[in-house]
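Work through the following exercises with the structure open beside you, and try each task before reading its solution.

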Amino acid sequence: MYYLALLAVAVVSYLIGSLNSAIISVSIIKRQDIRDFGSHNAGLTNVYRTFGGISAALTLIIDVLKGLIVVFGTEAALFWSGLFSAEEHSVVTACMIASMFAVMGHCFPIFYGFKGGKGILIAAVCTICINPLVFLFAVIVFLVVFITTRYVSLSSISCCVVYPICYILADLIMFGGVNLYTLVHVCIALAMGIFCFVRHYPNIQRLRNHTESKFTFRKWGENK
């Protein structure tokens, strides 16, 4: 019964993840398809570069809401409701599985021909809700790479690579060691990292060719 309920949560999480925030926000504000502009990626960075702060802010808000709904919705549906006991089943594992499917939906959305965003933002929101220490480790890596290179893509790719390792470090700090759940969480984090990494393949090609754009802040009020 638990695994059927978890499967249902996973499917719902995938559908929530498939509601691409970049496509929705630009469509609402600009009546345009973000995939026709800039890098053609349906993600926050391309929205900000192409259409400015207002569209980017709405994109951010939607992604944050998606992550909150996926994580806390999973907890509410499976555990807060009393349907299952948190003593018998891992809340963290259930939320991570739901998050993995949400990231999958964001990267490969069923509503948009399986071509979506990079998944970094929704993965970050889910992570901070599930394990803030893991989020902190990933943010440190992101900031170090970003400050050094000014490449958002390279910073995100670096997070994809270290993301599973962050769960090991977090458990070592919080529990003094690793266990079976750590291995499960590392595998789930690895899958999430792979989804995001695959969606960064065009960026990897541009980085190799030295044609990737560095991040620059738009002037206040600048918009299209």
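## Exercise 1: Cysteines and disulfides

The sulfur of Cys-107 lies 4.5 Å from the closest cysteine sulfur, that of Cys-196, which is too far for a bond. The model is a predicted one, and the task is to work out how many disulfides the structure holds.

Solution. Begin with the general idea that a disulfide is a covalent bond between the sulfur atoms of two cysteines. To count as one here, a pair of cysteine sulfur atoms must be within 2.5 Å. The sulfur of Cys-107 does not meet that limit, because its closest cysteine sulfur, in Cys-196, is 4.5 Å away. Cys-159 is likewise in no disulfide, with the nearest cysteine sulfur, belonging to Cys-160, at 7.1 Å. For the structure as a whole, the number of disulfides is zero. As for their surroundings, Cys-107 is buried with a relative accessible area of 0%, and Cys-159 also counts as buried, at 11% relative accessibility.

## Exercise 2: Helices H1 and H5

Describe how helix H1 (2–17) and helix H5 (91–107) pass each other, and state which classes of residue form their contact.

Solution. Two packed helices are described by the angle between their axes and the distance between the axes. For H1 and H5 the axes come within 7 Å and cross at roughly 35°, and the crossing is right-handed. On the H1 side, the residues that meet H5 include Tyr-2, Leu-6, Val-9 and Tyr-14, while on the H5 side Ile-97, Phe-101 and Met-104 are among those that meet H1. Sorted by class, the contact of H1 with H5 has 11 nonpolar residues, four polar residues and no charged ones.

## Exercise 3: Two oblique crossings

Decide for each of two helix pairs, H2 with H4 and H8 with H10, how the axes are oriented and which hand the crossing has.

Solution. Take first helix H2 (residues 21–30) and helix H4 (residues 53–80), whose axes come within 8 Å and cross at roughly 140°. Angles over 145 degrees would count as roughly antiparallel, and H2 and H4 are therefore oblique to each other. Their crossing is right-handed. The contact is built from residues of H2 including Ser-21, Ile-24 and Lys-30, together with residues of H4 including Leu-58, Ile-62, Asp-63 and Lys-66. By class, the contact of H2 with H4 comprises six nonpolar, four polar and three charged residues.

Turn next to H8 and helix H10 (residues 201–208), whose axes come within 10 Å and cross at roughly 120°. That angle makes H8 oblique to H10. The crossing of H8 and H10 is left-handed. Here Ser-153, Leu-154 and Ile-157 of H8 meet Asn-203, Ile-204 and Leu-207 of H10, a contact with four nonpolar residues, two polar residues and no charged residues.

## Exercise 4: The surroundings of helix H6

Find the buried residues of helix H6 (residues 120–130), and say which helices they pack against.

Solution. The buried residues of H6 are Ile-122, Ala-123, Val-125, Cys-126, Thr-127 and Ile-130. These buried residues pack against H1, H4, H5, helix H7 (132–149), H8 and helix H9 (180–199). One partner can be followed to a single residue, Val-103, which lies in helix H5 and counts as buried at 0% relative accessibility. Leaving aside neighbours within four places in sequence, Val-103 is in contact with Ile-122 and Ala-123, and also with Gly-119, Met-192, Phe-195 and Cys-196.

## Exercise 5: Two buried polar residues

Locate Ser-156 and Asn-131, and list the contacts of each beyond four places in sequence.

Solution. Ser-156 lies in helix H8 (residues 152–175) and counts as buried, at 5% relative accessibility. With residues up to four places away in sequence not counted, Ser-156 touches Ile-120, Phe-142 and His-200. Ser-156 and Lys-118 are 38 residues apart in sequence, and their C-alpha atoms are 8.9 Å apart in space.

Asn-131, in turn, is placed in the loop between H6 and H7, and Asn-131 is buried with a relative accessible area of 8%. Apart from neighbours within four places in sequence, Asn-131 is in contact with Tyr-167, Ala-170 and Met-174.

Conventions. Residues numbered from 1 in each chain as written. Predicted model: local features only at pLDDT ≥ 70, side-chain atom pairs only at ≥ 80, totals over all residues. Heavy atoms only, no water. Buried < 20%, exposed > 50% of the residue type's maximum accessible area, 1.4 Å probe, protein only. Helix = DSSP H or I, 4+ residues; strand = E, 2+ residues; numbered from the N terminus. Contact = heavy atoms within 4.5 Å. Axes fitted to C-alpha atoms, helices over the stretch in contact; angles between N-to-C directions. Parallel < 35°, antiparallel > 145°, perpendicular 65-115°, else oblique. Left-handed = near helix turned anticlockwise from the far one by under 90°. Nonpolar A, V, L, I, M, F, W, Y, C, P; charged D, E, K, R; others polar.
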